[in-house]
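Subject: Structure handover and notes

Hello,

Here is the structure we talked about. Please open it first, then read my notes alongside it.

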Amino acid sequence: MADNNDNLRPRRELEEVLRRIDKSLNFEDAHLELSSDELTDSLILFLKENFWPDEPLWKSLGLQIDEEVTRRFASHVKDNLSILLVSNTSGEIIGCRTMFLDTLNEANDKADDTGIQQIKNEKLKKVRTFLGHKWRERDVFQHFGVTRAMHFLALAIHKKYRGRGIASKLMQASLAFCKELGFTPVCIVGECTSEISQKIFEKFDFENVYTVRYDEYKVNDEIVFTNTGDNKTAKFFVKQL
């Protein structure tokens, strides 16, 4: 495996990195913040209102956001490496790129069927089974010969602020931030279940390593995800910075 032994930079240094990135991008009446334990509840509420209801797989299944969903999400972002865009006026979250540092061992554990079967929410289990069913075809660790990678989760924008190019600027900020994490190489993996998110990953030259059509994904000979609207495929992307 090719990654070196450099460690993740201390939080105070990462906060300074984000301040520099924020200054260079000049968001209108808003600023970037690094996620924190104190902001986790606000982040989850933001996603409940501005991301999960529109996520194609969740919407298709009518997945309800219960305690297990929020608990599992909070466990993913507990290292507080996500980036938030916060209004200077109201203090509300305008947008976010949630992400976490994943390792080869942790990823293998999550892809293991035993772990998936422990999920009690049956609709969440269907989503996790789908996202993990072709793990080897999109294994970022094998692809780049590394043992750790940044995993991009939700890129979400408040409904009132959409159509202003904020998502692209948040992606730009996230890539600049990842370059400064303190270890090399920095590799990124992300699952895109909507056409909009796929276009953003493609805009920033991510490599599409696997694509699956929703109407071709079946369990017990039945299509799992129906009524996905304009979203016909899930694409899995990787990138080395």
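Start at the hairpin of β2 and β3. Five residues lie between its two strands, and one residue of the hairpin, G91, has a positive phi near 80 degrees. Bear in mind throughout that this is a predicted model.

**The hairpin strands**

β2 covers residues 83-87 and β3 covers residues 93-103. The two run antiparallel and are joined by four bridges. Two pairings help you find the register. I83 has R97 of β3 as its bridge partner. L85 sits opposite G95 of β3.

How many of the residues of β2 are buried? Five of five, so to speak a strand that is mostly covered. Burial holds on both faces of β2. I83, L85 and S87 are on one side, and L84 and V86 are on the other. The general pattern behind such a split is that side chains in a regular strand alternate between the two faces of the sheet.

**The other neighbour of β2**

β1 also pairs with β2, again antiparallel, through five bridges. A30 has S87 of β2 as its bridge partner. L32 stands opposite L85 of β2. β1 has one covered face, made of A30, L32 and L34. Its uncovered face has H31 and E33.

**The whole sheet**

The sheet is open and has seven strands. Their order is β1-β2-β3-β4-β5-β9-β6, and the pairing is mixed. Which strands stand at the edges? They are β1 (30-34) and β6 (207-213). Each has a single partner strand, so one side of each lacks a neighbour in the sheet. From one strand to the next, the twist averages 20 degrees.

**Helix α1**

α1 spans residues 11-25, which is 15 residues. From first C-alpha to last it reaches 21 Å, close to the 21 Å expected at 1.5 Å a residue. Its buried residues are L14, V17, L18, I21, D22 and L25. They cover an arc of only 140 degrees around the axis, which puts them on the same side of α1. The general reason is that an α-helix has 3.6 residues a turn, so residues three or four places apart point the same way.

What covers that buried side? Among the elements are β1, β2 and α9 (166-178). The face turned away from the buried side carries R12 and K23, both exposed. Just after α1 comes N26, with a positive phi of about 55 degrees.

**Helix α10**

α10 (residues 195-203) lies across four strands: β3, β4 (148-157), β5 (187-192) and β9 (233-240). It runs at about 25 degrees to β9. Its buried residues are S197, Q198, I200 and F201. Seen down the axis of α10, these fall within an arc of 160 degrees, so they line one face of the helix.

The cover over the buried residues of α10 includes β3, β4, α9, β5 and β9. On the face turned away from them, I196, K199 and K203 are exposed. After α10 comes D205, with a positive phi near 60 degrees.

**A buried loop residue**

Look also at F183, in the loop between α9 and β5. Is F183 buried or exposed? Its relative accessibility is 1%, and buried means under 20%, so F183 counts as buried. F183 and F206 are 23 residues apart along the chain, and their C-alpha atoms are separated by 20 Å.

**The chain overall**

The protein chain has 10 helices and nine strands. Its radius of gyration is 17 Å, close to the 18 Å that the globule rule gives for 241 residues, so the chain is as compact as a globular protein of that length. Its C-alpha atoms fill a box of roughly 50 × 45 × 30 Å along the principal axes. Buried residues make up 50% of the 241 residues.

Contacts are the last item. Take those with a separation of 6 or more. Residues 24 or more positions apart account for 77% of them.

Best wishes

Notes: Residues are numbered from 1 along each chain as its sequence is written. This is a predicted model: local features need pLDDT of at least 70, side-chain atom pairs count only at pLDDT 80 or more; totals for chains, interfaces and linings use all residues. Side-chain values use heavy atoms; hydrogens and water are left out. Two strands pair if DSSP finds at least two bridges between them. Axes are lines fitted to C-alpha atoms, for helices over the stretch in contact, and angles run from 0 to 180 degrees between N-to-C directions. Contact means heavy atoms within 4.5 Å. The expected span of a helix is 1.5 Å times one less than its number of residues. Buried means under 20% relative accessible area, exposed over 50%, partly exposed in between (1.4 Å probe, protein chains only). The arc is that of the directions from the helix axis to the C-beta atoms. The radius of gyration is taken over C-alpha atoms; the globule rule is 2.2 Å times the number of residues to the power 0.38.
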